[in-house]
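Colleague: I would like a close look at the charged side chains of this protein, and at how they sit relative to the rest of the fold. Please take me through it step by step.

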Amino acid sequence: MARRLEGKIALVTGGTSGIGLAAAKVFHDEGARVIVTGTNPVTVEKAKLELAGVAEVLRSDAGDSAQIKELFEHVKSTYGRLDVLFLNAGMLGYGPIAPADEATIDRVLSVNFKGPWLALSAAVPLLPRGSTVVFNTSITNEMGGPTTGAYAASKAALRSLVRVAAAELADKGVRVNAVSPGPTDTGIIGKHTATKAEATSIEEGLASRIPLRRLGRPDEVARVALFLASDESSFMTGEEVVVDGGLTRV
Ligand SMILES: NC(=O)c1ccc[n+]([C@@H]2O[C@H](COP(=O)([O-])OP(=O)(O)OC[C@H]3O[C@@H](n4cnc5c(N)ncnc54)[C@H](OP(=O)(O)O)[C@@H]3O)[C@@H](O)[C@H]2O)c1
């Protein structure tokens, strides 16, 4: 069977761990030349080893407009075009509505919403007909989990952007969709808890509420991103595909 991304150039933001790392591997296996980004120097160096021969690994902050500009200048000068853009980088950020933590709201919205907007904007001149954009949203954008306000709102805004971008880019022959994961076993929760035990307890609580009784695996989300990035989804645009073991649907 022909590989689904043969000869394509694919950029995965936040590709040094979790879903993005799994996507980088899957895209490479399907024939793409892959570029990934991350910010944490330790994770970036680890990813360089793990992705040797699979992807170019770059440090670039998805919430910083100057670094986004630099990233796409690099893509243009090195690769000349972009066939697949997986806007995956994202961060959690918990806090109640009151009192509001303005710094968290600003940072979460910059990384999860404004950054992807600016990245798509910078990518547009590089996207040929037939290219695809996939955003990583989250099922939180249709839920009301206490303390998830900044994160959930950032992902709801992103979901709106997917539809607008799909409309604006349709005549250019570019499709824009989103994958919307439920709880996925990537370690993202542990980045925001004081102890590993606390993260495990949150993850077990989530798994017990999921009809399939477990968290998703990063590759299970990555393969849906591959579907949306490839010609297999050729009549889909503006769509958001939920991958959550039935949590929000059953
Ligand atoms: N895991 C879940 O349960 C779940 C559910 C729904 C949606 N999602 C979404 O899935 C996406 C990937 O998350 P994940 O679960 O795979 O978590 P993860 O393992 O923590 O991966 C996040 C990736 O994004 C990168 N990243 C974080 N902040 C960044 C920034 N400012 N600039 C560039 N890269 C940045 C991280 O690299 P560095 O650490 O090197 O910066 C890492 O490569 C996120 O958008 C998240 O919101 C996850």
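To begin with one of them, what does R3 count as at 41% relative accessibility: buried, partly exposed or exposed?

Modeller: R3 counts as partly exposed, because its relative accessibility of 41% lies between the 20% limit for buried and the 50% limit for exposed. Please note that this is a predicted model. The side chain of R3 meets that of E6 in a salt bridge, with 2.8 Å between N and O. E6 is likewise partly exposed, at 46% relative accessibility. The background to such contacts is simple: side chains of opposite charge can pair when their charged atoms come close.

The R3 and E6 pair is one of 14 salt bridges in the structure. Another joins the side chains of D61 and R107, at 3.1 Å from N to O. D61 belongs to the loop between β3 (55-59) and α3 (65-79), while R107 belongs to helix α4 (residues 102-123), so this salt bridge ties together parts that are 46 residues apart in sequence. The two partners fall into separate accessibility classes: D61 is buried, since its 15% relative accessibility is under the 20% limit, and R107 is partly exposed at 35%.

A further salt bridge links R159 and E240, whose closest N and O atoms are 3.7 Å apart. R159 is part of helix α5 (residues 149-169) and E240 is part of strand β7 (residues 240-243), so here the contact ties together parts 81 residues apart in sequence. Both partners are buried, R159 with a relative accessible area of 11% and E240 with 14%. Beyond these pairs, salt bridges with shared partners connect R214, R217, D219, E220 and R223 into one network.

Charged residues also appear on helix α6 (residues 196-209), which is worth following along its length. At 1.5 Å a residue, its 14 residues should span 20 Å, and the end C-alpha atoms are indeed 20 Å apart, so the two values agree. The buried residues of α6 are A199, E203, L206 and A207. These residues cover an arc of only 100° around the axis, which means that they lie on the same side of α6. The face turned away from that buried side carries the exposed residues A197 and E204. E203 is thus among the buried residues of α6, whereas E204 is exposed on the face turned away.

The surroundings also include aromatic contacts, of which the whole structure has 2 pairs. In one, the ring centres of F27 and F86 are 6.3 Å apart and the planes meet at 50°, so the pair is tilted. F27 is in helix α1 (residues 18-29) and F86 in strand β4 (residues 84-87), so the pair ties together parts that are 59 residues apart in sequence. Both rings belong to buried residues, with relative accessibility of 0% for F27 and 1% for F86. In the other pair, F113 and W117 have ring centres 5.9 Å apart and planes at 85°, so the arrangement is edge-to-face. F113 and W117 both lie in helix α4, 4 residues apart, about one turn of the helix. That spacing has a simple consequence: an α-helix has 3.6 residues a turn, so residues three or four places apart point the same way. W117 is partly exposed, at 46% relative accessibility. Helix α4 therefore supplies R107 to a salt bridge with D61 as well as both rings of this aromatic pair.

F86 leads on to strand β4. Both faces of β4 are covered, with V84 and F86 on one side and L85 and L87 on the other, all of them buried. The pattern fits a general rule: in a regular strand the side chains alternate between the two faces of the sheet. Strand β1 (residues 9-12) runs parallel to β4 and is joined to it by 3 bridges, with A10 having V84 as its bridge partner. Strand β5 (residues 132-136) also pairs with β4 in the parallel sense, over 4 bridges, and V134 of β5 stands opposite F86.

Finally, the UniProt record, an unreviewed entry, lists residues 8-221 as "domain: Ketoreductase". Over those residues the chain is 46% helix and 14% strand, and the end C-alpha atoms are 20 Å apart.

Notes. Residues are numbered from 1 along each chain as its sequence is written. This is a predicted model: local features need pLDDT of at least 70, side-chain atom pairs count only at pLDDT 80 or more; totals for chains, interfaces and linings use all residues. Side-chain values use heavy atoms; hydrogens and water are left out. UniProt positions are given in the numbering used here, feature names are shortened, and annotations may be inferred rather than shown by experiment. Helices (H or I, at least four residues) and strands (E, at least two) are DSSP runs, numbered from the N terminus. A salt bridge is a side-chain nitrogen of Lys or Arg within 4 Å of a carboxyl oxygen of Asp or Glu. Buried means under 20% relative accessible area, exposed over 50%, partly exposed in between (1.4 Å probe, protein chains only). The expected span of a helix is 1.5 Å times one less than its number of residues. The arc is that of the directions from the helix axis to the C-beta atoms. Rings of Phe, Tyr and Trp (its six-membered ring) pair if their centres lie within 6.5 Å; planes under 30 degrees apart count as stacked, over 60 as edge-to-face and the rest as tilted. Two strands pair if DSSP finds at least two bridges between them.
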